[in-house]
Amino acid sequence: MTTALEALELRRSHSKLVDPAPSPEQLAPLVAAMTSVADHSGLRPWRLIEMRGDARTILGEALADAAEKPDKREKLIKKAERAPLVLAVVVSPRKSDKVPLWEQEAVASGVAHLLSLLLDEAGWGVIWRTGSHTRSAAVHRAHQLGEHEYLLGWLYIGSVPDQDRRAKPRKPLDLPKHLSAL
Ligand SMILES: Cc1cc2nc3c(=O)[nH]c(=O)nc-3n(C[C@H](O)[C@H](O)[C@H](O)COP(=O)(O)O)c2cc1C
């Protein structure tokens with residue numbers, strides 16, 4: 001069995017993603033495991049929106065509407081087709097006197113990171129993407145978000161072509177820069 005440390009060391013984002021994507025039944029238990037993300041007061045201030053097949057066009061068209069570049073419209077619409085499954089990560093803040101918005105956003109961010117790790121460990125390819133129109137009105141509308149909700153971007157998910165599977169070495173961490181003591 002892989003340890004959490006091994007899974008992290010092996011995790012890589014993949015930008016080239018092809019069919020198949022995890023089915024709703026394969027995705028569900030991984031999302032259910034997100035109850036383990038640290039969450040002040042257990043507010044669960046997040047939700048995910050699956051886009052598969054033609055549903056991805058709704059996102060592509062919203063990105064194109066937001067960009068307002070008619071000559072690039074078709075290219076922008078295609079951006080949403082870079083993976084067979086696109087999962088929008090939504091911060092869905094709850095009312096709380098104790099837990100400010102930034103803490104709730106940290107929970108949603110944790111979900112995106114940990115779900116990416118679980119998908120990677122399960123053999124799927126994932127990359128977290130955003131873009132300058134992530135928080136645009138057109139994109140907000142297309143996802144049918146509530147007034148108080150906003151996106152952290154999308155996890156693009158699918159299968160990794162064999163030649164892209166090799167884990168490239170990472171630049172080691174300059175530890176004293178990131179870990180010190182008072
Ligand atoms: C919030 C967030 C937004 C990101 N947006 C993009 C993006 O729009 N395009 C992109 O190529 N990478 C984006 N990345 C980076 C990739 O997800 C990925 O981390 C990067 O390609 C490095 O690969 P690695 O995860 O294997 O280290 C984003 C990462 C985060 C956390």
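Two residues are said to be in contact when heavy atoms of theirs lie within 4.5 Å. The structure examined here is a predicted model, in which local features need pLDDT of at least 70 and side-chain atom pairs count only at pLDDT 80 or more, while totals for chains, interfaces and linings use all residues. Residues are numbered from 1 along each chain as its sequence is written, and side-chain values use heavy atoms, with hydrogens and water left out.

A good place to start is Ser 116, which sits in helix α5, spanning residues 101-121. Helices here are DSSP runs of H or I with at least four residues, strands are runs of E with at least two, and both are numbered from the N terminus. Ser 116 has a relative accessible area of 8% and is therefore buried; the label buried stands for under 20%, exposed for over 50%, and partly exposed for values in between, using a 1.4 Å probe and protein chains only. When neighbours within four places in sequence are set aside, the contacts of Ser 116 are Val 111, Val 126 and Leu 155.

Next come the strands. In strand β3, residues 125-129, 4 of the 5 residues are buried. This strand pairs with β4 (residues 150-158) in the antiparallel sense, over 5 bridges; pairing requires that DSSP finds at least two bridges between two strands. Within this arrangement, Gly 125 stands opposite Gly 158 of β4. In a regular strand, side chains alternate between the two faces of the sheet.

Gly 158 appears again in the surroundings of Val 18, which touches Pro 84, Gly 158, Ser 159 and Pro 161, residues up to four places away in sequence not being counted. Val 18 belongs to the loop between α1 (4-10) and α2 (24-32). Its relative accessibility is 38%, so Val 18 counts as partly exposed. From Val 18 to His 143 there are 125 residues in sequence, and 23 Å in space from C-alpha to C-alpha.

Finally, there is the ligand. Around the ligand are Arg 11, Arg 12, Ser 13, Ile 127, Trp 128, Arg 129, Thr 130 and Arg 170, a residue being included if one of its heavy atoms lies within 4 Å. Polar side-chain atoms of Arg 11 and Arg 170 lie 2.7 Å and 2.6 Å, respectively, from an oxygen atom of the ligand. For Ser 13, an N or O atom of the side chain is 2.5 Å from a ligand oxygen atom. The protein covers 55% of the 620 Å² of accessible area that the ligand has on its own, as computed by the Shrake-Rupley method with a 1.4 Å probe.

How values were computed:
A polar contact is a pair of N or O atoms within 3.5 Å; within protein, one must be able to donate a hydrogen and the other to accept it, and residues adjacent in sequence count only if both atoms are side-chain atoms.
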